[in-house]
Amino acid sequence: MTATIDSTTMIPESTPSEESVTLWVSACLMGESTRYDGTHKLFHHIPQILGGLCTVIPVCPEAEAGYGTPREPMHLSTKKSSPRLLTNAAGVDITEKMELWIPEAIERVALSRPRGFILKARSPSCHVQDSELSQSQHSGLFTQAVVRRFPSCVVVNETLLQDSAGWRDFICRLGCSTHTHQALLNRVTTTIWKRLP
Ligand code: SF4
């Protein structure tokens, strides 16, 4: 089931900007019930701030690669030379589906001329490694491919977007037109911040 967005999280009415700023976002952060247990992690500030100003495209690597939802939880193992997706319970290597899906997906993403990515933290597919803060947690497999293919894009976890400072930094790094940049900053200024649970 997809999350219901209440009146405080509605996408604001506005005329879409002439500038095309395309961002890809983990589907579970957009309220799609794609997580391993069939739940979502709706992050209200994404539609609140970006709605009507940017093109936001949801992507769930694990669901789209064919693991199904719900699915057995998995983790990323980096013990071998190439990182592997292993099931949590039995440690079965289930990397192949993801390896098959990623090249096609990355080319589909490229067609959209992406400017940035907001991806779910602590996911074996979507996590973005912060080289300063979490040396022990490697980027997810989809994120690794994204960073390789789109080195000039802004790629962040939602955990960096919990307050106005995080959003301002993200927006500044997007390099939008003056109009879009200012409109996004205005949204940040009027946002009432709710931290993720
Ligand atoms: S974290 Fe990524 S792979 Fe996991 S449910 Fe969300 S979008 Fe899908």
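## Around helix H4 and the ligand

Helix H4 has its buried residues covered by a set of elements that includes H2, strand S4 (84-87), helix H3 (95-111), strand S5 (114-119) and strand S6 (154-157). Keep in mind that this is a predicted model. H4 itself spans residues 141-149, and its buried residues are Leu141, Phe142, Thr143, Ala145 and Val146.

Here are the elements named so far, with their ranges where H4 and its cover are concerned:

| Element | Residues | Role in this picture |
|---|---|---|
| Helix H4 | 141-149 | holds buried Leu141, Phe142, Thr143, Ala145 and Val146 |
| Strand S4 | 84-87 | among the cover of H4 |
| Helix H3 | 95-111 | among the cover of H4 |
| Strand S5 | 114-119 | among the cover of H4 |
| Strand S6 | 154-157 | among the cover of H4 |

H2 turns up again at the ligand: this helix (residues 61-64) gives three residues to the surrounding shell, the largest share. In total 13 residues surround the ligand, and the closest are Cys28, Cys60, Lys120, Ser123 and Cys126. By type, the shell splits into six nonpolar, four polar and three charged residues.

Stepping back to the whole chain, you'll find six helices and six strands, running β-α-β-α-β-β-α-β-α-β-α-α from the N terminus. Of the 197 residues, 35% are buried. Among contacts with a separation of 6 or more, 65% link residues 24 or more positions apart.

How far can you trust it? The mean pLDDT of the chain is 89, with 86% of its residues at 70 or more. Residues 4-17 are another story: their pLDDT is below 50, though the stretch has 18 contacts in the model beyond near neighbours in sequence. Where pLDDT is low, don't read the predicted coordinates in detail.

Notes. Residues numbered from 1 in each chain as written. Predicted model: local features only at pLDDT ≥ 70, side-chain atom pairs only at ≥ 80, totals over all residues. Near = placed C-beta within 6 Å. Helix = DSSP H or I, 4+ residues; strand = E, 2+ residues; numbered from the N terminus. Nonpolar A, V, L, I, M, F, W, Y, C, P; charged D, E, K, R; others polar. pLDDT = per-residue confidence, 0-100. Contact = placed C-beta atoms within 7 Å. Buried ≥ 20, exposed ≤ 12 C-beta atoms within 10 Å, placed from the backbone.
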